[in-house]
Amino acid sequence: MSAHNNAKKGDIADFVLLPGDPKRAKLIAETFLTDVICYNEVRGMLGYTGFYNGKRISVQGTGMGMPSISIYITELIEEYGVETLVRVGSCGSIQDDVNMMDIVLAMSACTDSGMNKFKFNGNDFAPTANFELLKKANEIAEQNKIKAHTGSILTSDFFYTESHLGDPFLNWKTYGVLAVDMETAALYSIAAKYRKKALAILTVSDHILKKEALSADDRQNSFKEMIEFALQLA
Ligand SMILES: O=P(O)(O)O[C@H]1O[C@H](CO)[C@@H](O)[C@H]1O
Ligand SMILES: O=c1cc[nH]c(=O)[nH]1
């Protein structure tokens, strides 16, 4: 057991999928895994272990934002020996050619958060995906003819932005950043510290430029393509 996880040693697989939404963790476990156990219900942050094509995998909700995911993945690594962490999340596009429901593979994660600035004494760390996982993900996309955009994303502390500051994503867009989420920079930074493998696979749930958005139910339920994709990395 850890501070935020009821799992016993050995309950959690080496390979873990990480949705922000704990209900998405439940849906993934019930839809894609067999012989499932629920190992965590602390704070409603559900975690499951089961089998996919004979491979043992876990799915753990992380909550929203860098502080929340940092807690869950630190405990997964330190207390449960997790080796591979694959975020399966949603994002908001900030490029005209990255459309609703497209898949984004986050090669790197810029951030407007102060967390890494604090850790690195005011300097910038470059949170980066594990190359081996990213390469494999690109191969899977090509084999399955899945249109995936690979590039940098922005991990923001903001879902709602302040209008008096102008367009907060304009400069990121100019520099080719594909989309915005709220966790990946923390995932890549903590994985780097512990020398673990991490990748974020994101589905576009909002188009920030075109002002399009999925409903709350679609956000929760419609990420089948991304999950099937992520499971092939196990
Ligand atoms: O769908 P998830 O994985 O939660 O990811 C995105 O959705 C949440 C905002 O609605 C943030 O957590 C953001 O990163
Ligand atoms: O962080 C996020 C996630 C989805 N959509 C957004 O606009 N932002």
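In this predicted model, strand S5 gives the largest share of the shell around ligand 2, namely three residues. S5 covers residues 84–93, and two other strands, S8 (179–181) and S9 (197–207), join it in supplying at least two residues each. Spelled out, the surroundings of ligand 2 are Ser90, Cys91, Gly92, Phe159, Val180, Asp181, Met182, Ser205, Asp206 and Ile208. By character, that shell splits into five nonpolar, three polar and two charged residues.

Ligand 1 has its own set of residues: Pro19, Gly20, Asp21, Met64, Gly89, Ser90, Phe159, Asp181, Met182 and Glu183. Here the division is four nonpolar, three polar and three charged. Ser90, Phe159, Asp181 and Met182 turn up around ligand 1 and again around ligand 2.

S5 also has a job in the sheet, where it pairs with S1 in the parallel sense over four bridges. On the other hand, S1 is also joined to strand S4 (residues 55–60), again parallel, by two bridges. Valine 16 shows up in both pairings: its bridge partner in S5 is leucine 85, while in S4 it stands opposite serine 58. S1 itself runs over residues 15–18 and is covered on both faces, with Phe15 and Leu17 buried on one side and Val16 and Leu18 buried on the other.

Val16 and Leu85 come up once more in the largest nonpolar core, which has 65 residues. Together with Val104, Ala179, Leu187 and Ile201, they are the residues with the most contacts inside that core. As for leucine 85, once its neighbours within four places in sequence are set aside, its contacts are Val16, Leu18, Ile73, Leu76, Leu187, Ala191, Lys196 and Ala198.

Zooming out, the protein chain is built from eight helices and 10 strands. Its radius of gyration is 17 Å, which agrees with the value near 17 Å for a compact globule of 234 residues. The C-alpha trace spans about 50 × 45 × 30 Å along the principal axes. Buried residues account for 45% of the 234 residues. Contacts reach well along the sequence, too: among those between residues at least 6 apart, 76% join residues at least 24 apart.

A few loop residues deserve a look. Aspartate 97 sits in the loop between S5 and strand S6 (103–111), and it counts as exposed because it has 8 C-beta neighbours inside 10 Å, where the cut-off is 12 or fewer. Its C-alpha atom is 9.1 Å from that of leucine 178, although the two residues are 81 apart along the chain.

Methionine 101 is found in the loop between S5 and S6 as well. Its phi is near 75°, a positive value in a residue other than glycine. With 14 other C-beta atoms within 10 Å, methionine 101 is partly exposed.

Arginine 195 is another non-glycine residue with a positive phi, about 60°. Its place is in the loop between helix H6 (184–194) and S9, S9 being one of the strands that contribute to the shell around ligand 2. Arginine 195 has 9 other C-beta atoms within 10 Å, so it is exposed.

Notes. Residues numbered from 1 in each chain as written. Chains lettered and ligands numbered in written order. Predicted model: local features only at pLDDT ≥ 70, side-chain atom pairs only at ≥ 80, totals over all residues. Near = placed C-beta within 6 Å. Nonpolar A, V, L, I, M, F, W, Y, C, P; charged D, E, K, R; others polar. Buried ≥ 20, exposed ≤ 12 C-beta atoms within 10 Å, placed from the backbone. Pairing = 2+ DSSP bridges. Core = buried A, V, L, I, M, F, W, Y, C linked by C-beta atoms within 7 Å. Contact = placed C-beta atoms within 7 Å. Rg over C-alpha atoms; globule rule 2.2 N^0.38 Å.
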